[in-house]
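The exercises below are meant to be worked through with the sequence and the coordinates open side by side. Each begins with a task and continues with a solution that goes step by step.

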Amino acid sequence: MHPLAPIGTLFAVTVWPLLAAFLLLLTPENRQAASSLTFAVAGLVITPLAVWLMPGTDALAAACSCIVTAIPLLLPPAQDRTGRVLPFLVTGCALLALNIHSAFAVTVLCGAGTVLLAWREGRGPRKALVVWDIARSRLGGVVLGLLGASLLPMPQSSLGAVLLTVGLCMVAGLGPSPAPAPEAALLDTGLRFSALMLMFRLNAYPLVHLLMLIAGFGTILMLVTARSSGRIVSLPMLSAFGALAAATGEGTAIVLLLLAALGLAVLDLRGAEGTDAIAAGAAPWPVFCALVGIGRSLETGQLILLIVCLLPVLWSVRSATLLPAFGRGERGMVAVMQAVLLLGGLCGPLFLAWHPVTGWRP
């Protein structure tokens, strides 16, 4: 057994996006679009086989990897070489962070992915200042996380776990963090949930459980009170729910939230309507099932607080058909993603009954 992870799983799951990025650098300009699509489809096929067939697989990391690996395929076609290469590198960082067994390495990979994402989104003088302002707070969290990870081997003190948790909360975009643009949100989803998955593995440390609850509830309250346009910003809200799931030890809820975050990012990118109900936790979508899983592990007072926070949002959501794209006769990416989210929500109760072994812990 490799000290950082089962080496076969780590190689099979994470090598394809890095290899795809390298091959795209060598591909002529007129063939890059077709090659990028081929690599994305191949990765989507290879990863589920690798993560479930390799020995020593961490079930939760495997489930998250199967979702994250779809990111390059779901992005709209880029217009230049850099725009085609960087999504594979960001996805590779997220896959490595999900599967590697080292808190220090996970934090480094989240930081590297954040820099690559900021590089992709910040090209151009108008975007650069805004994007790097967002990345600056996330990189500050990386520094805190690295300091905390280096102190984790000290068993007599919980300072390392506390610093690592605070840093990971910043990396996951909790607190007063600006919401990314739709295309950036799609790439950012894998990085945020890589940090949340590491937070999930830390919840046994003293004070860490409380810090996660404070970060989650605080972010939800800020998003609800600051919502003036009537539209829910899905990724920060789902990241806050993910912090609550990490605090309560509901790993299956994190997987459902990751699926919902990826689907909502695609729908927002395509300009689809009716996503507020999905993000707010209305039935029968995956977020609703995740909230049920979180609610069963919360104390009574915390559960009441969660309901009170969500009531104004749910009250303002207009009723909508389950699959509006199909009702309008559409058969494109929006219709497919709505169907996938509905299927995930309908299967959510069965998924919540699954209690996999947590796997490694820092």
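**Exercise 1. A helix pair and its contact**

Task: In this predicted model, determine which residues of helix H3 meet which residues of helix H12, and describe the angle at which the two helices pack.

Solution. Begin with the contact itself: on the H3 side, Leu60, Ala63, Cys64, Ile67 and Val68 take part, and they meet Gly251, Thr252, Val255, Leu258, Leu259 and Leu262 of H12. Sorting these residues by class gives 9 nonpolar and 2 polar residues, with no charged residue in the contact of H3 with H12.

Next, turn to the geometry. Two packed helices are described by the angle between their axes and the distance between the axes. H3 spans residues 59-68 and H12 spans residues 251-269, and the two pack at an angle of about 5°, with their axes 10 Å apart. Because angles under 35 degrees count as roughly parallel, H3 is roughly parallel to H12.

**Exercise 2. Helices H8 and H10**

Task: Find the angle and the axis distance for H8 and H10, and state which residues form their contact.

Solution. Helix H8 covers residues 159-171 and helix H10 covers residues 208-226; their axes lie 10 Å apart, and the packing angle is about 20°. H8 and H10 are therefore roughly parallel to each other, and the crossing in which H8 passes H10 is right-handed.

The contact is made by Ala161, Val162, Thr165, Val166 and Cys169 from H8, together with Val208, Leu211, Met212 and Ala215 from H10. By class, these residues divide into 8 nonpolar and 1 polar, and no charged residue belongs to the contact of H8 with H10.

**Exercise 3. Helices H9 and H11, and the place of Leu235**

Task: Describe how H9 and H11 cross, then say whether Leu235 is buried or exposed.

Solution. The axes of H9 (residues 182-201) and H11 (residues 234-248) come within 9 Å and cross at roughly 15°, and H9 and H11 are therefore roughly parallel to each other. The handedness of this crossing is right-handed.

On the H9 side the contact comprises Ala185, Asp188, Thr189, Arg192, Phe193, Leu196, Met199 and Phe200, and on the H11 side Leu235, Pro236, Leu238, Ser239, Gly242, Ala243 and Ala246. The residues of the contact of H9 with H11 comprise 10 nonpolar, 3 polar and 2 charged.

Now take Leu235, which belongs to helix H11. With a relative accessible area of 6%, Leu235 is buried. Leaving aside neighbours within four places in sequence, Leu235 is in contact with Pro180, Ala185, Asp188, Thr189, Arg192 and Ala261. The C-alpha atoms of Leu235 and Ala279 are separated by 8.4 Å, although the two residues are 44 residues apart along the chain.

**Exercise 4. Three residues and their surroundings**

Task: For Thr91, Leu18 and Ser35, decide whether each residue is buried or exposed, or lies in between.

Solution. Start with Thr91, whose place is in helix H5 (residues 81-99). Its relative accessibility is 2%, so Thr91 counts as buried; not counting residues up to four places away in sequence, Thr91 touches Val68, Thr69, Ile71, Pro72 and Leu187.

Continue with Leu18, in helix H1 (residues 7-26). At 36% relative accessibility, Leu18 counts as partly exposed. With residues up to four places away in sequence not counted, Leu18 touches Leu89, Gly92 and Leu96, while the C-alpha atoms of Leu18 and Leu86, 68 residues apart along the chain, are separated by 9.8 Å.

Finish with Ser35 in helix H2 (residues 32-53). Ser35 has a relative accessibility of 14% and therefore counts as buried, and its contacts, again not counting residues up to four places away in sequence, are with Leu24 and Thr27.

**Exercise 5. Cysteines and the whole chain**

Task: How many disulfides are there, and how many helices and strands does the protein have?

Solution. With a cut-off of 2.5 Å between cysteine sulfur atoms, the count comes to 0 disulfides. Cys289, for instance, is in no disulfide, since the nearest cysteine sulfur, that of Cys347, is 9.1 Å away. Cys289 is buried, with a relative accessible area of 5%, and Cys169 is buried, with a relative accessible area of 8%.

For the whole protein, the tally is 17 helices and 0 strands. Of its 362 residues, 54% are buried. Among contacts with a separation of 6 or more, 77% are between residues 24 or more positions apart.

Technical notes:
Residues are numbered from 1 along each chain as its sequence is written. This is a predicted model: local features need pLDDT of at least 70, side-chain atom pairs count only at pLDDT 80 or more; totals for chains, interfaces and linings use all residues. Side-chain values use heavy atoms; hydrogens and water are left out. Axes are lines fitted to C-alpha atoms, for helices over the stretch in contact, and angles run from 0 to 180 degrees between N-to-C directions. Helices (H or I, at least four residues) and strands (E, at least two) are DSSP runs, numbered from the N terminus. Angles under 35 degrees count as roughly parallel, over 145 as roughly antiparallel, 65 to 115 as roughly perpendicular and the rest as oblique. A crossing is left-handed if the near helix is turned anticlockwise from the far one by less than a right angle, and right-handed if clockwise. Contact means heavy atoms within 4.5 Å. Ala, Val, Leu, Ile, Met, Phe, Trp, Tyr, Cys and Pro count as nonpolar, Asp, Glu, Lys and Arg as charged, and the others, Gly among them, as polar. Buried means under 20% relative accessible area, exposed over 50%, partly exposed in between (1.4 Å probe, protein chains only).
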